[in-house]
Amino acid sequence: STQSTWVLTKEAFEQFIEIDVDNIPQQSSVEGDIHFQLAVYHSRGRFNPSRDPDVKAALYHYQRAAQHGSIPAMLALAKLYSDSKYHQGVLPDTVNLEDKAAAIELLTAAAKRGNSHAMVTLAMSYEKGLLDQLDWQKSVEWYEAYSDRKQYEKDTPSATTPSDAFGWEEHGVLVCMAQKTIADMYAEGGNGLAKNPRKAFDWYGDAAEACMSAMKAKVASQCYERQAAIESEIEWSDEEA
């Protein structure tokens with residue numbers, strides 16, 4: 001089709017940079033912030049009299065920014081590499097750089113640096129097989145990290161997650177729902193996670209309390225019901241009984 005002639009793949013970018021995630025610094029540098037701002041300006045056509053985006057310059061600066069530790073740049077590139085449908089706010093849909101393994105690597109790098117959008121996106125991806133194979137063990141780990149991070153942000157006003165999320169914030173879920181999902185996965189088991197009724201029981205309790213605090217009484221009662229239903233599967237020790 002005529003449309004396909006406009007699609008830009010990796011080969012079209014002479015300055016394409018493969019991100020070396022193992023050598024991304026823990027903190028973003030000034031260079032990272034500057035490259036990120038340049039990428040955003042180029043993507044919006046700020047330096048172009050016609051106001052058309054300079055796609056090649058934007059991608060180059062997003063990649064340089066990510067390599068220098070810019071978390072928003074990591075999220076932007078992960079969006080770009082995840083699926084061409086998700087480009088809004090990064091580059092036009094005429095760019096096709098789909099590479100889901102690279103998307104997972106960048107989301108993981110952002111998550112390890114405390115970005116809650118990346119944490120919950122990874123958790124959902126491994127729960128549902130969105131960007132990678134189903135892996136409930138990894139899903140549980142990232143939902144737990146997300147739950148801890150959101151509590152930390154709630155207790156620490158200075159520790160907010162950056163707002164430049166490029167659509168990943170749409171995956172944000174209430175902490176109580178993340179905890180309920182952990183419980184559900186432990187209750188069922190599978191996809192790399194051993195069934196563990198005891199852990200499910202505990203997580204349903206935590207989720208129920210969090211849901212009550214979040215004014216989600218209906219979900220809280222579901223958690224209490226599931227907790228009661230799974231109790232019979234638990235082998236309690238004499239001290240606990």
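In this protein, 62% of the contacts with a separation of 6 or more join residues 24 or more positions apart. Keep in mind as you explore that this is a predicted model. Its secondary structure comes to 9 helices and 0 strands, and helix 8 gets a closer look below.

**Overall picture**
- Reading along the sequence gives the pattern α-α-α-α-α-α-α-α-α.
- The C-alpha trace spans about 75 × 45 × 35 Å along its principal axes.
- Of the 241 residues in the protein, 46% are buried.

**Surface and charge**
- About 12800 Å² of the protein is exposed, and carbon and sulfur atoms supply 49% of that area.
- The protein carries 23 positive and 37 negative charges, and the mean positions of these two sets lie 6 Å apart.

**A closer look at helix 8**
- Helix 8 covers residues 197–213, and its 17 residues should span 24 Å at 1.5 Å a residue.
- The end C-alpha atoms of helix 8 are indeed 24 Å apart, so the model agrees with that expectation.
- Aromatic side chains to look for among its buried residues are Phe-201, Trp-203 and Tyr-204.
- Pro-197, Ala-200, Gly-205, Ala-207, Ala-208 and Cys-211 are also buried in helix 8.
- The buried residues of helix 8 pack against helix 6 (136–155), helix 7 (175–188) and helix 9 (217–231).
- After helix 8 comes Met-215, which has a positive phi, near 60 degrees.

Technical notes. Residues are numbered from 1 along each chain as its sequence is written. This is a predicted model: local features need pLDDT of at least 70, side-chain atom pairs count only at pLDDT 80 or more; totals for chains, interfaces and linings use all residues. Side-chain values use heavy atoms; hydrogens and water are left out. Helices (H or I, at least four residues) and strands (E, at least two) are DSSP runs, numbered from the N terminus. Buried means under 20% relative accessible area, exposed over 50%, partly exposed in between (1.4 Å probe, protein chains only). Contact means heavy atoms within 4.5 Å. Accessible areas come from the Shrake-Rupley method with a 1.4 Å probe; for residues, only the protein chains shown count as cover. Lys and Arg count as positive and Asp and Glu as negative; His and the chain ends are not counted. The place of a charge is taken as NZ of Lys, CZ of Arg, CG of Asp or CD of Glu. The expected span of a helix is 1.5 Å times one less than its number of residues.
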